[in-house]
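Me: I have a chain open here and want to go through it piece by piece. Can you take some questions?

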Amino acid sequence: MTDATGTDAHVQADTRDPVSWFEPGVAVPPIPLRRNGVAAVASADDAGETQSRPGEEDAPSPDGESGAHAVAGTEAEPERTLDVQPPNTTGLDGEALRESLALVEDHLDAVGVDFYAQLFTIAPESRELFGAGMAVQRSRLVGALVSIVGSADDRDTLVPYLEGLGRDHRKFGVIDQHYAPVGTALVLAIRRALGDQWTPRFESAWIEAYDRIAAIMVGAARRDAVISPPWWDAEVVYHRRILDDLAIMQVRPHTDYPYRPGQYTYLTTPRRPKIWRAYSMASAPRDDGLLEFHVRTVGAGWVSSALVWRTEPGDILHLGAPQGHDVATPRSEHDLLCITGGTGIAPVLATLQELEQRQDGRRVHVFYAGRDRDHLYALPHLESIGVRYRRLTVVPVVSPDGPTDRSPDLMGNIVSAYGDWRKHRVYVAGPTTMVATSLERLREQGVPDEQIVVDDYGLW
């Protein structure tokens with residue numbers, strides 16, 4: 001079996017410069033005689049930290065919501081017909097990985113705390129790669145573990161995901177030498193969390209898996225370094241608060257920034273150094289190179305509050321590589337349905353600008369929700385696009401009961417009652433409850449999942 005570098009998947013990504021993915025000489029202490037015995041002690045700096053998704057406004061998120069779930073059959077079901085399992089195309093022991101992660105699914109945040117404690121002990125210099133708050137970083141670690149373990153048997157899913165992680169980690173300043181202590185800290189944290197449930201099979205599975213993970217990520221990062229910088233410097237040239245909690249800003253990258261409408265980027269500001277948050281581009285690629293972002297702050301968000309309240313023209317931001325889907329892809333012949341709320345309208349605006357510029361023939365329906373009429377801030381922009389792009393239909397959605405009504409069924413019910421969307425390509429972006437109920441209604445209507453692209457922006 002070969003990995004994406006073209007080398008044997010069981011060896012390092014580049015045999016000309018071999019790397020050990022585990023820290024030599026680091027003693028692993030005996031297994032403590034307790035289960036999930038990890039002290040979940042967070043830094044005081046984490047108090048204002050929050051989850052982050054593409055375009056999200058640092059909305060607070062409860063701990064402990066992520067995890068892998070395992071369901072096992074028993075002898076009480078002798079008549080049960082077992083589902084045919086897809087072939088394992090990676091060679092990893094996915095069953096052991098899933099079983100071990102399921103055993104700690106209620107304690108994954110504590111695993112993240114212990115992982116970084118071990119990492120900063122083994123490799124103190126690695127602390128400099130991160131900003132002051134670590135809560136979001138821990139949530140990303142947990143999310144990545146769940147994604148990797150979930151696709152551990154599927155090479156076609158796992159390899160592209162890991163290659164993306166490898167490329168993306170360049171913006172943090174990660175180099176080959178960082179992977180060894182990370183591997184040691186990860187296996188140690190999971191081992192300590194499992195306690196006396198840890199087995200030699202689990203240890204072998206995780207070590208082999210991490211070797212493969214590191215090889216693929218390093219290979220992708222090395223290839224990307226030949227063609228792209230680790231980040232792009234971009235100067236803020238325009239900043240305006242259009243609502244008390246929402247600002248529009250335009251930035252000009254110092255070098256060409258290749259992206260497509262519907263994509264997002266992680267960015268960081270010098271006012272919150274080394275803390276990266278994801279925001280969608282609200283503009284299609286332009287001849288002058290300007291990018292537009294819509295940023296809404298919720299509570300004491302680390303980055304969003306700095307971008308909304310303290311950012312000024314002349315500030316230099318760092319932008320990571322563009323990520324996500326090209327919603328305006330010219331390869332699609334399907335009409336387009338966009339269901340969006342809050343700043344989730346940003347990637348939709350970029351998509352519509354692109355469709356308008358090339359006079360695309362597809363019909364586009366946009367359902368645009370706001371918590372009140374004032375928060376339908378992009379409605380004039382949508383209307384101006386509609387004057388030129390006549391195949392656009394915009395349906396504003398505001399609860400008749402006012403901003404205190406957060407009925408999660410409102411948008412989903414309106415969309416499903418409006419028409420039959422089974423032949424449409426669908427993009428959903430906005431608050432979690434709106435996204436969830438919209439997807440439920442679309443699936444009830446029979447819209448295939450492969451026709452739906454989703455960005456979950458968290459809370460209103």
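Me: How many bridges join β10 to β11, and do they run parallel or antiparallel?
Reply: Strand β10, residues 425–430, is joined to β11 by 5 bridges, and the two run parallel. This is a predicted model. One bridge pair is Tyr 427 with Val 453 in β11.

Me: What order do the strands of that sheet have?
Reply: The order is β9-β8-β7-β10-β11, in an open sheet of 5 strands with parallel pairing. At the edges are β9 (392–397) and β11 (452–456), each of which pairs on one side only. Direction ignored, neighbouring strands of this sheet are turned by 10° against each other on average.

Me: Which strands does helix α9 touch?
Reply: α9, residues 379–388, packs on the sheet and touches β8 (364–369) and β9. The direction of α9 makes about 160° with that of β9.

Me: And α11, which strands does that lie across?
Reply: Helix α11 (residues 432–445) lies across β7 (336–341), β8, β10 and β11. α11 runs at about 155° to β10.

Me: I clicked on Tyr 418. Where does that lie?
Reply: Tyr 418 lies in helix α10, which covers residues 409–418. Leaving out residues up to four places away in sequence, Tyr 418 touches His 365, Phe 367, Thr 393 and Val 395. For Val 395, the separation from Tyr 418 is 23 residues in sequence and 9.9 Å in space, C-alpha to C-alpha.

Me: Why does Tyr 418 count as partly exposed?
Reply: Because its relative accessibility is 44%, and partly exposed covers the range between under 20% for buried and over 50% for exposed.

Me: OK, other sheet. What's the strand order in the one with 6 strands?
Reply: That open sheet goes β4-β3-β6-β1-β2-β5, with antiparallel pairing. β4 (277–280) and β5 (291–296) stand at the edges with a single partner strand each, so one side of each has no neighbour in the sheet. On average, neighbouring strands here are turned by 40° against each other, direction ignored.

Me: What joins β3 to β4?
Reply: 4 bridges, with strand β3 (residues 264–268) and β4 running antiparallel. Tyr 266 has Ala 278 in β4 as its bridge partner.

Me: And at the other edge, how many bridges join β2 to β5?
Reply: 6 bridges join strand β2 (residues 246–253) to β5, and this pair runs antiparallel. Val 251 stands opposite Leu 291 in β5.

Me: Is β5 mostly covered or mostly exposed?
Reply: Mostly covered: 6 of its 6 residues are buried. In a regular strand, side chains alternate between the two faces of the sheet. In β5 both faces are covered, with Leu 291, Phe 293 and Val 295 buried on one side and Glu 292, His 294 and Arg 296 buried on the other.

Me: Switching to the helices. Which residues touch the most other members of the largest nonpolar core?
Reply: Phe 115, Leu 162 and Trp 206, in a core of 43 residues. Helices α1 (94–103), α2 (108–122), α3 (135–150), α4 (155–168), α5 and α6 (200–227) each supply at least two residues of this core. α6 gives the most, with 10 residues.

Me: What is Leu 162 in contact with?
Reply: Ile 148, Ile 213, Ile 216 and Met 217, leaving aside neighbours within four places in sequence. There is also a second, separate core of 26 residues, which includes Leu 349, Leu 352, Tyr 377 and Tyr 457.

Me: There's an Asp 224 in α6. Buried or exposed?
Reply: Asp 224 is buried, because its relative accessible area is 11% and the cut-off for buried is under 20%. Not counting residues up to four places away in sequence, Asp 224 touches Arg 167 and Arg 170.

Me: How far does α5 reach?
Reply: α5 (residues 179–194) has 16 residues and reaches 23 Å from first to last C-alpha, close to the expected 22 Å. Of those 16 residues, 14 are buried. Gly 195 follows the helix, with a positive phi near 60°.

Me: Last, the totals. How many helices and strands are in the chain?
Reply: 11 helices and 11 strands. Of the 460 residues, 52% are buried. The chain exposes about 21,200 Å², and carbon and sulfur atoms supply 52% of that area. Among contacts between residues at least 6 apart in sequence, 78% join residues at least 24 apart.

Notes:
Residues are numbered from 1 along each chain as its sequence is written. This is a predicted model: local features need pLDDT of at least 70, side-chain atom pairs count only at pLDDT 80 or more; totals for chains, interfaces and linings use all residues. Side-chain values use heavy atoms; hydrogens and water are left out. Two strands pair if DSSP finds at least two bridges between them. Axes are lines fitted to C-alpha atoms, for helices over the stretch in contact, and angles run from 0 to 180 degrees between N-to-C directions. The expected span of a helix is 1.5 Å times one less than its number of residues. Buried means under 20% relative accessible area, exposed over 50%, partly exposed in between (1.4 Å probe, protein chains only). Contact means heavy atoms within 4.5 Å. A nonpolar core is a set of buried Ala, Val, Leu, Ile, Met, Phe, Trp, Tyr and Cys residues joined through side-chain atoms within 4.5 Å. Accessible areas come from the Shrake-Rupley method with a 1.4 Å probe; for residues, only the protein chains shown count as cover.
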